Amino acid sequence: MLAFVLLAGCVNSHNSSLSQQPASTAELVGAKDVDPAMRERIARALGQDADEKALRDALKQRPDNVDAAIPLARALLARKCPNDALEVLDGILLAAPGDLRALNAKAVVLDHEGRHREAQELYRQALAAEPANPMLRNNFNLSLDLDGKTETGGANPAPQADVRHFAALSRSQCGSGSEW
């Protein structure tokens with residue numbers, strides 16, 4: 001983890017004692033030269049690393065903790081680490097086979113990666129267990145649209161979203177256009 005250490009004063013080379021005038025924090029770290037946007041990115045990254053560590057720790061304690069796995073997968077996808085996100089979701093599916101939220105989350109990641117047929121198979125598996133689930137039905141239909149197909153014969157058509165909007169969101173915000 002990245003840590004910053006700020007010094008309150010500096011050593012006087014003439015008498016080896018602390019100077020009476022401590023340097024300001026801005027002088028010590030060159031704050032005038034640090035871009036405010038960069039400061040924000042650093043603060044977010046530090047918080048993100050802590051969040052990911054807490055989620056990983058929660059999964060170590062309870063490997064079937066879907067409530068930890070899904071946000072961790074979402075964070076990994078946001079960091080452009082889809083393989084790591086899939087690994088987390090595969091782990092949760094080993095610990096909690098058939099969990100609808102985990103199946104949906106893995107399918108969302110696969111859709112994000114352009115692996116629509118694999119995603120659709122997971123949506124079908126989840127929909128077999130809960131055919132009327134609107135989140136699963138909507139994500140399945142979005143996946144079909146992204147893949148250039150449409151499924152016919154559905155008794156309960158899903159709410160439709162603008163596919164172009166979904167595609168843009170999924171590429172720019174790591175799949176947040178679909179529901180997790």
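**Core and helix packing in the predicted model**

Within the largest nonpolar core, which comprises 34 residues, L59, I92, V109 and W180 touch the most other members; such a core is a set of buried Ala, Val, Leu, Ile, Met, Phe, Trp, Tyr and Cys residues joined through side-chain atoms within 4.5 Å. At least two residues of this core are supplied by each of α2 (36-61), α3 (66-78), α4 (82-95), α5, α6 and α7 (134-146), helices being DSSP runs (H or I, at least four residues) numbered from the N terminus. The model is predicted, and local features need pLDDT of at least 70, side-chain atom pairs count only at pLDDT 80 or more, and totals for chains, interfaces and linings use all residues. Residues are numbered from 1 along each chain as its sequence is written, and side-chain values use heavy atoms, with hydrogens and water left out.

Leaving aside neighbours within four places in sequence, I92 is in contact (heavy atoms within 4.5 Å) with L59, P63, D64, N65, V66, A69 and A102. A105, found in helix α5, is buried, with a relative accessible area of 0%, where buried denotes under 20% (1.4 Å probe, protein chains only). Not counting residues up to four places away in sequence, A105 touches I70, L89 and W180.

The axes of α5 (residues 100-112) and α6 (residues 116-129) come within 8 Å and cross at roughly 160 degrees, the axes being lines fitted to C-alpha atoms over the stretch in contact, with angles running from 0 to 180 degrees between N-to-C directions. The two helices α5 and α6 are therefore roughly antiparallel to each other, a description applied to angles over 145 degrees.

Notes:
Parallel < 35°, antiparallel > 145°, perpendicular 65-115°, else oblique. Buried < 20%, exposed > 50% of the residue type's maximum accessible area, 1.4 Å probe, protein only.
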